[in-house]
Amino acid sequence: MARKALMMLIAASLLMGCSFNEAVGTVVAGVQVIHLGGKVMCQDCTKSYGEWTHGSQPIKGGKVSVTCKDDRSRIIYYGSDESDEEGNFNMAVNKYINGKELQPKSCLVRLVSSTHLTCNIPTNFAGGITGVNLPVRPTVLYRDLVKYQLGTFFYTTPRCAKPAAGDTHDSFDCDTNNNY
């Protein structure tokens with residue numbers, strides 16, 4: 001009797017696992033649109049450390065783009081979205097483009113522009129300048145919703161921007177007359 005109950009338990013477990021995998025496969029296969037989301041914030045380095053790390057402000061109208069390529073590295077999709085009052089952006093991308101299935105891992109999301117008057121220098125913190133590839137697995141997978149939640153992208157003020165390597169400053173030029 002115990003052996004029969006054990007066999008029924010094993011059979012039920014296997015059936016549950018199989019139906020679960022089939023259900024997930026059906027949900028993912030039926031998806032026509034994938035969603036991408038994240039935040040765009042302003043990080044001001046002129047503030048105290050506590051305000052700098054925890055006091056970032058959302059940027060309304062911060063533009064973020066997504067570029068997707070095919071298996072031959074050709075761009076097959078480009079889209080953009082602007083952030084709302086809370087700094088959130090949410091893009092919907094068709095899963096099938098020109099009859100071919102889009103591979104989310106070939107999509108790159110990055111900062112484009114900021115509408116903020118003083119906080120408009122993009123940073124590469126969290127990949128804002130170079131871009132971030134979508135993760136291998138979606139963050140949300142529920143029925144016909146597939147969403148990739150990305151991190152927070154940051155802009156900063158011109159005062160906080162690191163000068164480029166080729167920039168010259170008059171006070172450091174060798175041709176100036178100084179007493180050194």
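Visitor: What handedness does the link of Cys68 and Cys107 have about the S-S bond?
Guide: In this predicted model, Cys68 and Cys107 form a disulfide with their sulfur atoms 2.0 Å apart. The torsion about the S-S bond is 110°. The link of Cys68 and Cys107 is accordingly right-handed.

Visitor: How many residues apart in sequence are the parts that the pair Cys68 and Cys107 ties together?
Guide: Cys68 belongs to strand β3, residues 63-69, whereas Cys107 belongs to strand β8. The pair therefore ties together parts whose separation in sequence is 39 residues.

Visitor: How many disulfides does a search of the whole structure find?
Guide: One of them is the pair Cys68 and Cys107. Another joins Cys42 to Cys119, with the sulfur atoms 2.1 Å apart. The search of the whole structure gives a total of two.

Visitor: Why is the disulfide of Cys42 and Cys119 called right-handed or left-handed?
Guide: The handedness follows from the torsion about the S-S bond of Cys42 and Cys119. The disulfide is right-handed because that torsion is about 105°.

Visitor: Where in the chain does Cys119 lie?
Guide: Its partner Cys42 is in strand β1, residues 33-42, and the two cysteines are 77 residues apart, so the disulfide links distant parts of the chain. Cys119 itself is found in the loop between β8 (107-113) and β9 (121-122).

Visitor: Are Cys42 and Cys119 buried or exposed?
Guide: A residue counts as buried when its relative accessible area is under 20%. Cys42 and Cys119 both fall in this class; they are buried.

Visitor: Which residue forms a salt bridge with Arg74, and is that partner buried or exposed?
Guide: The closest N and O atoms of Arg74 and its partner Asp70 are 2.8 Å apart. Arg74 is partly exposed, at a relative accessible area of 40%. Asp70 has a relative accessible area of 16%, so this partner is buried.

Visitor: What is the relative accessible area of Lys95, which forms a salt bridge with Glu101?
Guide: The closest N and O atoms of Lys95 and Glu101 are 3.4 Å apart. Glu101 is partly exposed, with a relative accessible area of 42%. Lys95, in contrast, is buried, and its relative accessible area is 10%.

Visitor: How many residues apart in sequence are the parts tied together by Lys60 and Glu85?
Guide: The side chains of Lys60 and Glu85 meet in a salt bridge at 3.9 Å, N to O. Lys60 lies in the loop between β2 (57-58) and β3, and Glu85 in the loop between β4 (75-82) and β5 (88-94). The parts that this pair ties together are therefore separated in sequence by 25 residues.

Terms used:
Residues numbered from 1 in each chain as written. Predicted model: local features only at pLDDT ≥ 70, side-chain atom pairs only at ≥ 80, totals over all residues. Heavy atoms only, no water. Disulfide = S-S within 2.5 Å. Helix = DSSP H or I, 4+ residues; strand = E, 2+ residues; numbered from the N terminus. Buried < 20%, exposed > 50% of the residue type's maximum accessible area, 1.4 Å probe, protein only. Salt bridge = Lys/Arg side-chain N within 4 Å of Asp/Glu carboxyl O.
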